[in-house]
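Student: I'd like to test the words we use for a structure against their cut-offs. Could we go through one together?

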Amino acid sequence: MIYPVILCGGSGTRLWPSSRKAFPKQFSRLIGEETLFQATLKRFTTPDFAAPVIMTNADFRFIVMEQCADVGLTDARVVIEPALRNTAPAILTAALMLEDDPEAMMLVAPSDHIMSGLEDFHAAIRAGRDAAAAGNLVTFGVTPDRPETAYGYLELAAPATGNTPVKLKSFTEKPDLETAKALVDGKLHLWNAGLFLWRVRDIIAAFEAHAPDMIAPCRQAIAEKEEDLGFTRLGPAGFEAVRAESIDYAVMEHADNIMAVPLTNGWSDLGSWDALWAASTPDAAGMVQQGATTAVGCENSFLRSEDDNLHLVGVGLQNIVAVAMRDAVLVADMSASQQVKEAVTLLKEAQVEQATEYPRFYRPWGWYETLCLGSRFQVKRIMVKPGGVLSLQSHVHRSEHWIVVAGTAEVTVGEEVKLLTENQSVYIPLGAVHRMANPGQLPMYLIEVQTGAYLGEDDIVRYEDIYNRG
């Protein structure tokens, strides 16, 4: 079988404000009811594939497990990278973890792309499998239908026919528009889809030949790994020592045994809002509307509201992207979608919280969001999923008042443990040791009112935590 290795640690900013460092696009429902990550998982549920290896980081580990469970996947191996090191170290580490079976196939896939025509996709994988079994490194490319400056390109040694593997001649970085036009007209170039297929032994050999300095620190990270709550935590000393590099720069651009397989199904990496607009099937007026939106006299535009209580209205818009969230709004010309990343960079430089933080903060027990924040008070809405348990904790600077608005809460304050149901409340004095849990079968919601001189999330002293947080 083929081992899918899913890269799930990225933090793309081109789809800001929906995608942020704290909650990137792969976990969002940008198209349909499934997240991009869940749609990726479901591509690899046929008998040809083994349970996936998911490479992610500590911030996303519980989101990954929850979204795996939502699609019925319970046997995924989730590997936590201690630091962001780009794709090459993640891929090498996954290969080294599979090297007990050196003939095993690895299919490396990003977690944030969309595809249609899965039968064609699986046919392309089967077409590339024989080439990989013969010792080649197989990459997959998309036949371009337009000049595109947002993608890298694969140059073929000969014209492609169907999904028959073709010798790869070279890689081309993201070109300018005139170069992109020439590449498309030449009929020998594919968009680089970031998908790869190879045997474990062959990719390890490629690293030994072209990036040998990466191998020792990745082996050290594996040797020092720890199993923790169903996750595999790589050792930080080794992984942090490896240089950050993409798989293309580290290996693929230097290897001479690369075959390319054209993908004939629909594909997009959703790298910008105009790409999401195109993938969302605009109506006859070229409009895409998501969430609570109204359009009057608009053409070729994208309207998205992520809050049911925030209604977005567009009047007379042409070629505009407008995305509204409770804490941030984006309005951009469709043709300038790639510049959203530059805007996020400016927000980061100005230390604007919305540049990286999401309005809803996800935790292993559920989530919380701030409804109102003043100089000495804060009001939050908190959801605790069934079986969720917050840490046993206290605060140095604030007191809290909890009001249950749905479900049942098991509340510990000092030595007292009691159940609270809808409309019941409890007061937690400053310094009191307390905990909250949901013993029920349905999500529990409560309103938390904090008062005090300091209301930051770092004002938590943890005494006990079932999720092994510090």
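Tutor: Gladly! Contact means heavy atoms within 4.5 Å, and helices (H or I, at least four residues) and strands (E, at least two) are DSSP runs numbered from the N terminus. This is a predicted model, in which local features need pLDDT of at least 70 and side-chain atom pairs count only at pLDDT 80 or more, while totals for chains, interfaces and linings use all residues. Residues are numbered from 1 along each chain as its sequence is written, and side-chain values use heavy atoms, with hydrogens and water left out.

Student: Which residues of α3 and α6 meet?

Tutor: From α3 (residues 87–97), Ala 88, Leu 92, Ala 95 and Leu 96 meet Val 200, Ile 203, Ile 204 and Phe 207 of α6. By class, this contact has 8 nonpolar, no polar and no charged residues. Ala, Val, Leu, Ile, Met, Phe, Trp, Tyr, Cys and Pro count as nonpolar; Asp, Glu, Lys and Arg as charged; the others, Gly among them, as polar.

Student: Why are α3 and α6 called oblique?

Tutor: Their axes come within 9 Å and cross at roughly 130 degrees. Axes are lines fitted to C-alpha atoms, for helices over the stretch in contact, with angles from 0 to 180 degrees between N-to-C directions. Under 35 degrees is roughly parallel, over 145 roughly antiparallel, 65 to 115 roughly perpendicular, and the rest oblique. The angle of roughly 130 degrees falls in none of the named ranges, so α3 and α6 are oblique.

Student: How do you know which hand each crossing of α3 has?

Tutor: A crossing is left-handed if the near helix is turned anticlockwise from the far one by less than a right angle, and right-handed if clockwise. By that rule α3 passes α6 in a left-handed crossing and α7 in a right-handed one.

Student: What makes α3 and α7 oblique?

Tutor: Their axes come within 10 Å and cross at roughly 60 degrees, so this pair is oblique as well. Pro 89, Leu 92, Thr 93, Leu 96 and Met 97 in α3 meet Ile 215, Cys 218, Arg 219 and Ile 222 in α7. That contact has 7 nonpolar, 1 polar and 1 charged residues.

Student: Which residues of α7 are buried, and what covers them?

Tutor: In α7 (residues 215–223), Ile 215, Pro 217, Cys 218, Ala 221 and Ile 222 are buried. The cover includes α3, α6 and α8 (236–241). Buried means under 20% relative accessible area, exposed over 50%, partly exposed in between (1.4 Å probe, protein chains only).

Student: Why is Gly 194 called partly exposed?

Tutor: Its relative accessible area is 23%, and that lies between the two limits, so Gly 194 is partly exposed. Gly 194 sits in strand β9 (residues 189–199).

Student: What makes β27 an edge strand?

Tutor: The open sheet of 6 strands has the order β20-β21-β22-β29-β24-β27, with antiparallel pairing. At its edges, β20 (360–363) and β27 each pair on one side only. Two strands pair if DSSP finds at least two bridges between them; β24 (residues 398–406) and β27 have 4. In β27, Tyr 427 is the bridge partner of His 401, and Ser 425 that of Ile 403.

Student: Which side chains of β27 are buried?

Tutor: Val 426 and Ile 428 point to one face and are buried, whereas Ser 425 and Tyr 427 point to the other and are not.
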